[in-house]
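Reader: Hello! I would like a close look at the place where the chains meet, told as one connected account. What should I look at there, and what lies around it?

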Amino acid sequence: MTIEIPKEKWAGKVREVKIGATQADGGTRSRVVTLGGEAALPHLGFEGALPNPPVLAIEVRDRKPDDWSPLLVQAWGEAMQDPGDWARAAEAAGAEMIYLALSLTDSDGQKNTPAKARTAVRKVLDATGLPLTVVGPGQAEIDNELMVPVAEEAKGERILLGICEEKNYRTLVAAALANDHLVQSKTPMDVNLSKQLVILIHDMGLPLERIVIDPTTGALGYGIEYGYSVMERLRLAALQGDSMTQQPMIVTPGEEAWRVKEARVGEGVPQAWGDWERRSLNWEAVTASSLLYAGANILVLRHPETLKRLRGVVDGLKDPA
Amino acid sequence: MALTGLEIYKLLPQTNCKECGYPTCLAFAMKLAAKQAELKACPYVTEEAKVKLEAASSPPMRLIEIGPADHRLQVGNETVLFRHEKTFYHRPGLFWRLRDTEKPDDLKKKVAEADAYQVDYVGIDLTLDGFAIEAASGDPKTYSAAVAAVRAASQKPLILIVTSPELAKAGLEAAGDSRPLLHAATAENWQAMAELAKSAKVPLAASAPDLEALAALTENLTKAGLEDLVLDPGVANYRDSLEQLTIARRLALRKNFRPLGFPVITFPGAAGADETLLAAEHIAKYAGFIVLDTFDPASLYPLLVLRQNIYTDPQKPIQVQPGLYEINSPKPDSPVMVTTNFSITYFAVANEVEGSGWPAWLVVADAEGMSVLTAWAAGKFDAERIAKSIKGLGIDQKVSHRKVLIPGHVAVLSGELEEELPGWQILVGPREAVDISGYLKAMWTN
Ligand code: B12
Ligand code: SF4
């Protein structure tokens, strides 16, 4: 019996966005990542072109975080003491991109400073040739204070600057414009809010080829289904030709998954939760892999083992060999 | 695909004889279209019309039920490709595969342990759905003993994995009236398997290397009189399963393609894949039965939660009744805390407090089923609402103090709340529920 494969005819596709600049483009990166370009639903190669597989990034901090799971501390060990060492370890573990998150304070509780932020970024840039995302601590005033110098420090490298939110995006977009970078536009799980912020950023003069959207992720068991469905709707809208939804998507399953009790706590939890380490790793990996099917273009992960497992998924979706 | 009233009318005798109880054939047709009447009420429909109408009125993907009457598992009958379009209805069954090459006593022990497995997720009990028993020995007697052993240890639904009619027969006999799923009919053995499934009245899985062969096989089985079928396209990696399962689902739902209008069974551990992650794909994208080779709570728990999340109705957040919840038999001097009625939020807090041993009064405000920050951002968890809950529940009668703990994420509310609740002291708790016990230890004094 012959069956006709039901293919959707899409009017649009996801915009291609390039992060990082090699020497030829005035930077020092050894490679560039290209996102997007999909003319089909996630991983359905029979339907249309999928030129760029999802990118796996590792989250690195400017200093060793105080509240990360001991399992993560064990995995990265001494490298966590220095953002350059950490980034190098991440590259060795197979990361294709570094996601550097700046802290609010230093280890003594002193406020982070522009000078320290610059140093952290410089260390990471020098330590690896991977393209880079840098995000602020997430408080408008401090973000702006730190991220402008960061943008200057990385001038020419075409890094992704975050995080633009509805209430605070102007300074960051201006810094991206002045220093030839890209921005990450984050909205809370809502298709229209996502479009609106892209429009606002674009209106400031930043080309759409320099915007990556973060539709916001919930961890497995803690609201993942909301983000999952918003991502599916964004991707469907993109393929249907709605221009302002055609940005590649970055999501942070590592951060979300490692925050929840299932990953954080090893003792005094129900026996039915199973072995702590395997459960934690599964929590991150299942959160992350589910988002791949909803259309994630960059997965930001925390544990090297998750990176390895997701590598298997991404490769297997592309070419099962 | 449902027919309109007019389309149905064209297939009726159009004599308006009224025997169906309706004044005209058209009136009856309208009722049929609205699924408020049954076709058999008209004694005069032709056989041809009957076939057409029945085909059009049956769902595009068949509902399959397996297991004993009091442990029924329903799978299939899905109506959409994306959960946001409506919802996914029937959660895929998660099964654990065992082989008859193990001794019956060992099987019993393993099955009893897995049968008892139960994990609480936001007040919902999640469990494994059943067991698949593979006739790996090739010997009918051994197989029959294995199936009997599993049945002795569990009431849950079974899947019988057999390659020959002899083994199928042995398995079905041992399974008795427990309505197992028989796996699988192939191009070679389908006639015999069909006979067995038919006389035992059990659903039958059809297995073929690709969708075309599979559709041909299910057509044959349908012609042989079988209605309850399950598809096994033999997918073994991330890409093939996503593609094949998507194509099957699209053909069934969008094209009303009957030969593939059945739920799919997958074996994510089969090809040495990362079983947890391949199973996760199958949960998100379209499997009906998922047979695991490993039973590991550290993997099963996240998979069960994923399944719960993906199959939640997007229209209704899971929520608990607003009100006053007493945890660990609180006394007048026990702490009072406020949270929202989003299930995930409520259980995160309630489980934490309960586990810590602290007696407490937990005020669950009506935040329309939203998390703390979502509700706050949406104006459903503001000082006024919190104050209303506290006043409405008569807590001042129950406690001897006037202190209320609010979630750290909404610290900004404390000023307003003090105004709304004169005489009460507002304490700002930690941001995450995990830290409540530590906070109380350090801060709660009477
Ligand atoms: C899932 C989600 C949604 C879902 C709703 C899910 C639901 N039923 O609530 C949807 C997609 C519908 C949604 C919508 C919106 N959302 Co929303 N959403 C989230 C998300 C991703 C997760 C929230 C969640 O479920 N957390 C898990 C639960 C368990 O957490 P929780 O309730 O806070 O409980 C914890 C603690 O607070 C603590 N706790 C709880 N109670 C108590 C009590 C005491 C005494 C103590 C000590 C502790 C404590 O314990 C719990 C576990 O640690 C967050 C971002 C994020 N990653 O956190 C954004 C987020 C909450 N949303 C946000 C916003 C703005 C919105 C919208 C207004 C946007 C919009 N217009 O669409 C709408 C509002 C809703 C509306 N108008 O319909 C913002 C809020 C920003 C802010 N600070 O104000 C957030 C933070 C995202 C962001 N960064 O911008 N959202
Ligand atoms: S019984 Fe049949 S023929 Fe008679 S009115 Fe009803 S539908 Fe028409």
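Author: Let me begin with a term, since the first residue on our route depends on it: a polar contact is a pair of N or O atoms within 3.5 Å, and within protein one of the two must be able to donate a hydrogen and the other to accept it. Residues adjacent in sequence count only if both atoms are side-chain atoms. Please also keep in mind that this is a predicted model.

With that in hand, start at B:Asn237, in the loop that runs between β10 (229-232) and α9 of chain B. Its side chain reaches two backbone nitrogens: that of B:Asp240 at 2.8 Å, and that of B:Arg239 at 3.1 Å. Setting aside neighbours within four places in sequence, B:Asn237 touches A:Pro320 and B:Leu278. One of those partners, A:Pro320, belongs to the other chain, and that takes us across to the interface.

How many residues of each chain take part there? On the side of chain B there are 52, in contact with 54 residues of chain A. The area buried between the two chains is about 4400 Å², with 65% of that area given by carbon and sulfur atoms. Of the area that chain B buries against chain A, 14% is supplied by B:Arg250, B:Leu277 and B:Tyr301, more than any other three residues.

Now for the polar side of the interface. The rule finds 18 residue pairs in polar contact between chain B and chain A, counting pairs with both residues at pLDDT 80 or more. The elements of chain B that give two or more residues to this side are β4 (119-121), α8 (211-223), α9, α10 (275-284), α11 (297-310) and α12 (343-356). Helix α9(B), the helix at the end of the B:Asn237 loop, has the largest share, 10 residues. Sorted by class, the side of chain B that touches chain A holds 28 nonpolar, eight polar and 16 charged residues.

Those charged residues bring us to ion pairs. Side chains of opposite charge can pair when their charged atoms come close. Seven salt bridges are counted between chain B and chain A, while the count over all chains is 48. For a pair to inspect, try B:Lys285 and A:Glu232, whose side chains meet in a salt bridge at 2.7 Å, N to O.

B:Lys285 is worth keeping on screen, for this residue also lies among those nearest the centre of the largest cavity. Rolling a probe the size of a water molecule over the atoms shows where empty space is left. Three cavities of 30 Å³ or more are counted, and the largest holds about 150 Å³ of space. Its lining is made of 15 residues, and nearest the centre, along with B:Lys285, are A:Leu41, A:Leu44, B:Phe82 and B:Tyr286. The lining thus draws on chain A as well as chain B. Which element gives the most to this lining? Helix α9 (residues 238-254) of chain B again, with four residues. By class, the lining divides into nine nonpolar, one polar and five charged residues.

An open space can round off the tour. The second largest pocket has a volume of about 600 Å³ and is lined by 18 residues. B:Ser58, B:Arg62, B:Thr222, B:Arg258 and B:Phe262 lie nearest the centre of this pocket. The elements that give two or more residues to the lining are α3 (47-57) and α8 of chain B, and α8 is also one of the elements on the side of chain B that touches chain A. The lining of the pocket has nine nonpolar, three polar and six charged residues.

If you move on to backbone geometry, here are some spots to check. Most residues other than glycine have a negative phi, and most peptide bonds are trans. In chain B, a cis peptide bond with omega of about 10° joins B:His183 and B:Ala184, and B:Ala184 is placed in strand β8 (residues 181-185). In chain A, a cis peptide bond joins A:Gly162 and A:Ile163, with omega about 5°; A:Ile163 sits in strand β6 (residues 160-164). A:Thr216 has a positive phi, near 80°, and lies in the loop between β8 (211-214) and α7 (224-239) of chain A.

Note on methods:
Residues are numbered from 1 along each chain as its sequence is written. Chains are lettered from A and ligands numbered from 1 in the order in which they are written. This is a predicted model: local features need pLDDT of at least 70, side-chain atom pairs count only at pLDDT 80 or more; totals for chains, interfaces and linings use all residues. Side-chain values use heavy atoms; hydrogens and water are left out. On a 1 Å grid over the protein atoms alone, a cavity is a set of points where a 1.4 Å probe fits but cannot get out, and a pocket is an open set with protein on both sides within 12 Å along at least five of seven lines; lining residues have an atom within 4 Å of a point. Grid points are joined across faces, edges and corners, and a volume is the space filled by probe spheres set on the points. Ala, Val, Leu, Ile, Met, Phe, Trp, Tyr, Cys and Pro count as nonpolar, Asp, Glu, Lys and Arg as charged, and the others, Gly among them, as polar. Contact means heavy atoms within 4.5 Å. Buried area is the accessible area (1.4 Å probe) that two parts lose on being put together, summed over both. A salt bridge is a side-chain nitrogen of Lys or Arg within 4 Å of a carboxyl oxygen of Asp or Glu.
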